[in-house]
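This report covers helix packing and aromatic contacts in a predicted model. The sequence and structure are shown first.

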Amino acid sequence: VYALGISEEVKSDICDFARNKGLNVKYFTSDANSTLSVPEWLAVFRDASYVITDSFHGTAFSIIYQKDFVVLTNSSRGSSRFLSILNIMGLNDRLKDNNNLNMDSLACSIDWNSVNRKRDRFIQISLAYLQKKLQ
């Protein structure tokens with residue numbers, strides 16, 4: 001769980017979900033009190049079986065490392081970046097309301113072949129744009 005702020009109720013739901021999936025829950029963050037180096041921080045995403053996050057960066061690294069994940073929205077911090085990346089990747093179903101978390105919906109796996117095709121297409125579009133601007 002990479003979260004900037006989740007309630008005790010959601011933490012309890014996450015523990016129930018993990019127990020049902022046979023997973024251990026590890027919480028980590030990147031605030032000033034974090035003891036993880038950048039490589040260690042990235043390794044937590046890389047080595048995770050499942051990621052639950054309320055962070056855009058947590059979302060991005062879950063996609064990069066192809067981890068099943070869910071994004072918890074926090075209306076006070078906004079959700080436009082989440083909506084944008086999830087829409088581009090066809091992962092809108094990964095966005096869950098922090099106040100109304102349906103644990104059953106967390107169990108489905110992601111079709112990474114489909115996501116990777118979309119990601120690769122957007123990489124090519126981005127590279128073409130940069131090459132054109134640098135000429």
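H2 crosses H3 in a right-handed sense. In this predicted model, H2 spans residues 38-47, and its axis lies 9 Å from that of H3 at an angle of about 60 degrees. Angles from 35 degrees up to 65 degrees fall in the oblique class, and H2 and H3 are therefore oblique to each other. On the H2 side the contact is formed by Trp41, Leu42 and Phe45, and on the H3 side by His57, Gly58, Phe61 and Ser62. Sorted by class, these residues comprise 4 nonpolar and 3 polar, with no charged residue in the contact of H2 with H3.

H3 (residues 56-64) also packs against H4 (residues 80-89). Here the axes come within 9 Å and cross at roughly 15 degrees. Since angles under 35 degrees count as roughly parallel, H3 and H4 are therefore roughly parallel to each other. Their crossing is left-handed. H3 contributes Phe56, Thr59, Ala60 and Ile63, which meet Arg81, Phe82, Ile85, Leu86 and Met89 of H4. The residues of the contact of H3 with H4 divide into 7 nonpolar, 1 polar and 1 charged.

The two helix pairs are set out below.

| Pair | Axis distance | Axis angle | Handedness |
|---|---|---|---|
| H2 and H3 | 9 Å | about 60 degrees | right-handed |
| H3 and H4 | within 9 Å | roughly 15 degrees | left-handed |

The aromatic side chains form the next topic. How many aromatic pairs does the model contain? The count comes to 10 aromatic pairs. Ring pairs join Tyr2, Phe28, Trp41, Phe45, Phe61 and Tyr65 into a cluster. Three members of this cluster recur in the helix packing: Trp41 and Phe45 of H2 and Phe61 of H3 take part in the contact of H2 with H3.

One further contact involves a charge and a ring. The charged end of Lys11 sits over the ring of Tyr27, at 5.5 Å from the ring centre.

Notes: Residues are numbered from 1 along each chain as its sequence is written. This is a predicted model: local features need pLDDT of at least 70, side-chain atom pairs count only at pLDDT 80 or more; totals for chains, interfaces and linings use all residues. Side-chain values use heavy atoms; hydrogens and water are left out. Rings of Phe, Tyr and Trp (its six-membered ring) pair if their centres lie within 6.5 Å; planes under 30 degrees apart count as stacked, over 60 as edge-to-face and the rest as tilted. A charge sits over a ring if NZ of Lys or CZ of Arg is within 6 Å of the ring centre and within 35 degrees of the ring normal. Axes are lines fitted to C-alpha atoms, for helices over the stretch in contact, and angles run from 0 to 180 degrees between N-to-C directions. Helices (H or I, at least four residues) and strands (E, at least two) are DSSP runs, numbered from the N terminus. Angles under 35 degrees count as roughly parallel, over 145 as roughly antiparallel, 65 to 115 as roughly perpendicular and the rest as oblique. A crossing is left-handed if the near helix is turned anticlockwise from the far one by less than a right angle, and right-handed if clockwise. Contact means heavy atoms within 4.5 Å. Ala, Val, Leu, Ile, Met, Phe, Trp, Tyr, Cys and Pro count as nonpolar, Asp, Glu, Lys and Arg as charged, and the others, Gly among them, as polar.
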